[in-house]
Amino acid sequence: MANQRILQGSVQSFDPERGHGEIQTERGAVYAVHRSALRDEALSGIFPGDIVEFVPGRNRFGQRAALEVRRVGWEDGADDDSPREWTF
């Protein structure tokens, strides 16, 4: 992610079966996220309340999209007892 603009946001939703969801920045902008954009520790999945960093871009439909998504933490008040990986 060197020399690229990096944003931070909170995961609003993510459907592991369909492989997509939404991330919202502090300023309220919403970005679509696809499982193919997950990197490093986010490869196991992202969860509502996770704080992520990402490179902003556009998807094939022209919508705002989060690229190169990395989990950096989770929001205060998130369910700390919930498993941090998807189970099927």
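Reader: I'm new here, so let me start with one residue: does Asp50 count as buried or exposed?
Author: Keep in mind that this is a predicted model. Buried means under 20% relative accessible area, and Asp50 comes in at 0%. That value is under the cut-off, so Asp50 counts as buried.

Reader: Okay, and which residue does the side chain of Asp50 make a polar contact with?
Author: Asp50 belongs to strand 4, which covers residues 50-58. Its side chain makes a polar contact of 2.9 Å, and the partner is the side chain of Arg71.

Reader: What about Arg71 itself, is it buried or exposed?
Author: Arg71 sits in strand 5, and its side chain is the one joined to that of Asp50 by the 2.9 Å contact. Its relative accessibility is 13%, and the limit for buried is under 20%. So Arg71, like Asp50, counts as buried.

Reader: Let's zoom out. How many helices and strands are there in the chain?
Author: Reading from the N terminus on, the elements run β-β-β-β-β. That fits the tally for the chain, which is 0 helices and 5 strands.

Reader: And what share of the chain do buried residues make up?
Author: The chain has 88 residues. Asp50 and Arg71 are among the buried ones. Taken over the chain, the buried share is 35%.

Reader: Which strand holds Ser10, and is Ser10 buried or exposed?
Author: Ser10 is found in strand 1, residues 7-15. Its relative accessible area is 7%, and since buried means under 20%, Ser10 fits that class. So the answer is strand 1, and buried.

Reader: How far apart in space are Ser10 and Phe47?
Author: Along the sequence, 37 residues separate Ser10 from Phe47. In space, going from C-alpha to C-alpha, the gap is 9.2 Å.

Reader: What separation do the C-alpha atoms of Val55 and Glu68 have?
Author: Val55 is in strand 4 and counts as buried because its relative accessibility is 9%. Glu68 lies in strand 5. The two are 13 residues apart along the chain, and their C-alpha atoms are separated by 5.9 Å.

Reader: How does Glu68 count by its accessibility?
Author: The in-between class runs from the buried cut-off of 20% to the exposed cut-off of 50%. Glu68 has 24% relative accessibility, so it falls in that class and counts as partly exposed.

Reader: Now for the backbone of Glu68: what is its phi near?
Author: Glu68 is a residue other than glycine, yet its phi has a positive value. That phi is near 50°.

Reader: Which ring does the charged end of Arg64 sit over?
Author: The charged end of Arg64 is 5.7 Å from the centre of that ring. A charge has to be within 6 Å of the ring centre to count. The ring belongs to Tyr31.

Reader: What volume does the largest pocket have, and which residues are closest to its centre?
Author: The volume is about 250 Å³. Of the 15 residues lining this pocket, the closest to its centre are Ala32, Val33, His34, Asn59 and Ala65.

Reader: Which elements give two or more residues to that lining?
Author: The list has three strands, with residues 20-25, 30-34 and 64-74. By name, they are strand 2, strand 3 and strand 5.

Reader: Last one: how do the residues of the lining divide?
Author: Three classes are used for the lining of the largest pocket: nonpolar, polar and charged. In that order, the numbers are 7, 6 and 2.

Key. Residues numbered from 1 in each chain as written. Predicted model: local features only at pLDDT ≥ 70, side-chain atom pairs only at ≥ 80, totals over all residues. Heavy atoms only, no water. 1 Å grid on protein atoms, 1.4 Å probe; cavity = no way out; pocket = protein on both sides within 12 Å on 5 of 7 lines; lining within 4 Å. Points joined across faces, edges and corners; volume = space filled by probe spheres on them. Helix = DSSP H or I, 4+ residues; strand = E, 2+ residues; numbered from the N terminus. Nonpolar A, V, L, I, M, F, W, Y, C, P; charged D, E, K, R; others polar. Buried < 20%, exposed > 50% of the residue type's maximum accessible area, 1.4 Å probe, protein only. Polar contact = N/O pair within 3.5 Å; in protein donor to acceptor, adjacent residues only side chain to side chain. Lys NZ or Arg CZ within 6 Å of the ring centre and 35° of its normal.
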